[in-house]
There are 2 protein chains.
Amino acid sequence: MTNPLPTGATIGILGGGQLGRMLSVAAARLGLHTHVYEPASNPPAADVAHAVTTAPYDDVAALTAFARSVDLVTYEFENIPTEALDIIEAITPIHPNRRALGTSQDRLVEKAFLQDIGLTVAPFADITDAASLDAALTTIGTPAILKTRRFGYDGKGQARLKSPQDAATALADMAGAPAVLEGFVTFTSEISIIAARNPQGEVACYDPGENIHRDGILHTTTVPANIPASLRMDAVLLAGKILNMLDYVGVMGVELFVTPKGLIVNEIAPRVHNSGHWTQNGCAVDQFEQHIRAIAGWPLGDGSRHSDVVMENLIGDDMDKVPTLAREQNCAIHLYGKVETKAGRKMGHVNRIKT
Amino acid sequence: MTNPLPTGATIGILGGGQLGRMLSVAAARLGLHTHVYEPASNPPAADVAHAVTTAPYDDVAALTAFARSVDLVTYEFENIPTEALDIIEAITPIHPNRRALGTSQDRLVEKAFLQDIGLTVAPFADITDAASLDAALTTIGTPAILKTRRFGYDGKGQARLKSPQDAATALADMAGAPAVLEGFVTFTSEISIIAARNPQGEVACYDPGENIHRDGILHTTTVPANIPASLRMDAVLLAGKILNMLDYVGVMGVELFVTPKGLIVNEIAPRVHNSGHWTQNGCAVDQFEQHIRAIAGWPLGDGSRHSDVVMENLIGDDMDKVPTLAREQNCAIHLYGKVETKAGRKMGHVNRIKT
């Protein structure tokens, strides 16, 4: 058991996007410094970080110097090369741990883990070639979704199969990457729960939020979700189970399908999560500070919510709406400082506070 | 009339303390950069600023380069040398304007201005020597307070006179500085109102907060203040009058005494104000973002409050309470990242959200 990080200590963050940016602000609020490691120049997190290293993930010298300059390392995205993590972990701790990261990096490993600990997931099968896909389609049926095992996000690396005739096209979409076939789940809504665990074993959850996606990208999260109290409790319990089984330290986002038979786990993200941005304006301790508290060994915020919130992402040209949003009552604007607006790019979000 | 500052523009901030720090975070949230100018090394604002210049206020080259690197300049404290402002203003606009700054820098000018626009202030007199002090004590009476005209804050540069016998000691405390004698005001409570005005002339006020001081330093601000609605409206109207008369752009803190005869203006601060920190957890747009919006020519937040809040400053050894505060429900912690804890030093604050 490590002692809590004292104020003035430095947290290394792999990845300089909006999540790293908001983590940096939260760390500063607790008197902690951040050092952001990011291959791209002028990343969003650089504006609010104490230090920035601009170097690729295969730069051994830069990774070594980075790891030596910080008290511990965390990350804002899952797809960090294993070799980079090995170099860092030889020098300083990484939170959340490698097992959690490895589990979430691979859809097959993730689903097997979730099933092993007794949770419900969509029917799935390991797909390595046309033969295994044909076999899986026989047991799982269509509609189904073929997904690459690794490096997927925001709907990328996915192909829908309406019928077995789509098999060849879908497999071609994977471009030879190992894949998973997932059975189609009929759900009434999608929710997610943001949970945290610290090294002392304390677990805290925020109220589940209800998510609406557009074009495979999160559009809105509404809190509280329109679900019965029993399902809310189920979500808390299953999130706690995942965190405890992984000996997890940090914040995790758990995406869930609400079905007539109960909750089905869609996926887990070992980091702060877009569907938890509402906590910035709904809670005294938001998910970013909660993550920093957890990895720093501080007491966790208890997750209590003082206000209902609807979070809406600002994607691409949604930036044109900012002047109007700035005039809206009880609407908190959070922009990421990205230089270039691109279609499908997350540029910011707003939290509408319901009073 | 200038156009609103676009995202990606840079705001220069004179002063790198906690106010500059929280202004930087707010600017980042709107996609704006900050460049902090501060003589001391490792100032609190440096952790979250895009750029920092470490140089004294008489460094012409540094001031010039700073002014050229930004789109406009603001400040987090009043006592900026006039020469530094002259150098900057020849290159780029300063908000709030020089008149507002000059008025608030000098207690005599400030009181005369407030009286001129029809507001009530404590009885006051210009004190230049023992003779003028004796004369003023005759008209104003005791108890009274002698204050330096310039460079006073948090109770510094002040001497209380219980009787005319204290005159010589009090005058000696001024160390030859020009001073003002203020009559003692019998008040039931102290409140403050945080108001903002943008270049378009929009004015917005937050609800007045009720302030408790300890040892001359703000201890707590409670919102809403325990005052009748009529006084709340009086506070809003007088704040609006001050801002309009000064053609003010930015956030101003106005400290008021509540007396049986109505509100008496104690002092004005042409900047974000400690008694407005509660807005961070009570409003969608806090005072720091409001200031940035105002000086950037953006629409103002309307000042509406979604939660009641009690703000408490963490002074000196109050930092020892942080581990306990971190366990408190609905308690938002804001630390300033100051390296050294000193008696009387503002190290952070907490906002307790009332649900």
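Me: Which residues in H5(B) do B:Arg99, B:Gly102, B:Thr103, B:Ser104 and B:Gln105 in H4(B) meet?
Reply: They meet B:Arg107, B:Val109, B:Glu110 and B:Phe113. Contact here means heavy atoms within 4.5 Å. Helices (H or I, at least four residues) and strands (E, at least two) are DSSP runs, numbered from the N terminus.

Me: Before we go on, what kind of model is this?
Reply: It's a predicted model, where local features need pLDDT of at least 70 and side-chain atom pairs count only at pLDDT 80 or more, while totals for chains, interfaces and linings use all residues. Residues are numbered from 1 along each chain as its sequence is written, chains are lettered from A and ligands numbered from 1 in the order in which they are written, and side-chain values use heavy atoms, with hydrogens and water left out.

Me: Ok, back to those helices. At what angle do H4 and H5 of chain B pack?
Reply: About 110 degrees, with their axes 5 Å apart. The axes are lines fitted to C-alpha atoms, for helices over the stretch in contact, and angles run from 0 to 180 degrees between N-to-C directions. So H4(B) is roughly perpendicular to H5(B), a label for angles of 65 to 115 degrees.

Me: Switching topic: how many residues does each chain put into the contact between A and B?
Reply: Chain A gives 39 residues and chain B gives 39 residues. The area buried between them is about 3,000 Å², and carbon and sulfur atoms give 54% of that. Buried area is the accessible area (1.4 Å probe) that two parts lose on being put together, summed over both.

Me: Which residues in chain A lose the most area to chain B?
Reply: A:Asp47, A:Ala284 and A:His306, together 17% of what that side buries.

Me: How many salt bridges cross the interface?
Reply: The rule finds 2. It looks for a side-chain nitrogen of Lys or Arg within 4 Å of a carboxyl oxygen of Asp or Glu. One of them links B:Arg327 and A:Glu202, at 3.2 Å from N to O.

Me: And which part of chain A gives the most residues to that side?
Reply: S16(A), with 5 residues.

Me: Any odd backbone spots? Where are the cis peptide bonds?
Reply: One joins A:Thr142 and A:Pro143, with omega about 0 degrees. A:Pro143 sits in the loop between helix H6 and strand S6 of chain A. Another runs from B:His95 to B:Pro96, with omega near -10 degrees, and B:Pro96 is in the loop between H3 and H4 of chain B.

Notes. Parallel < 35°, antiparallel > 145°, perpendicular 65-115°, else oblique.
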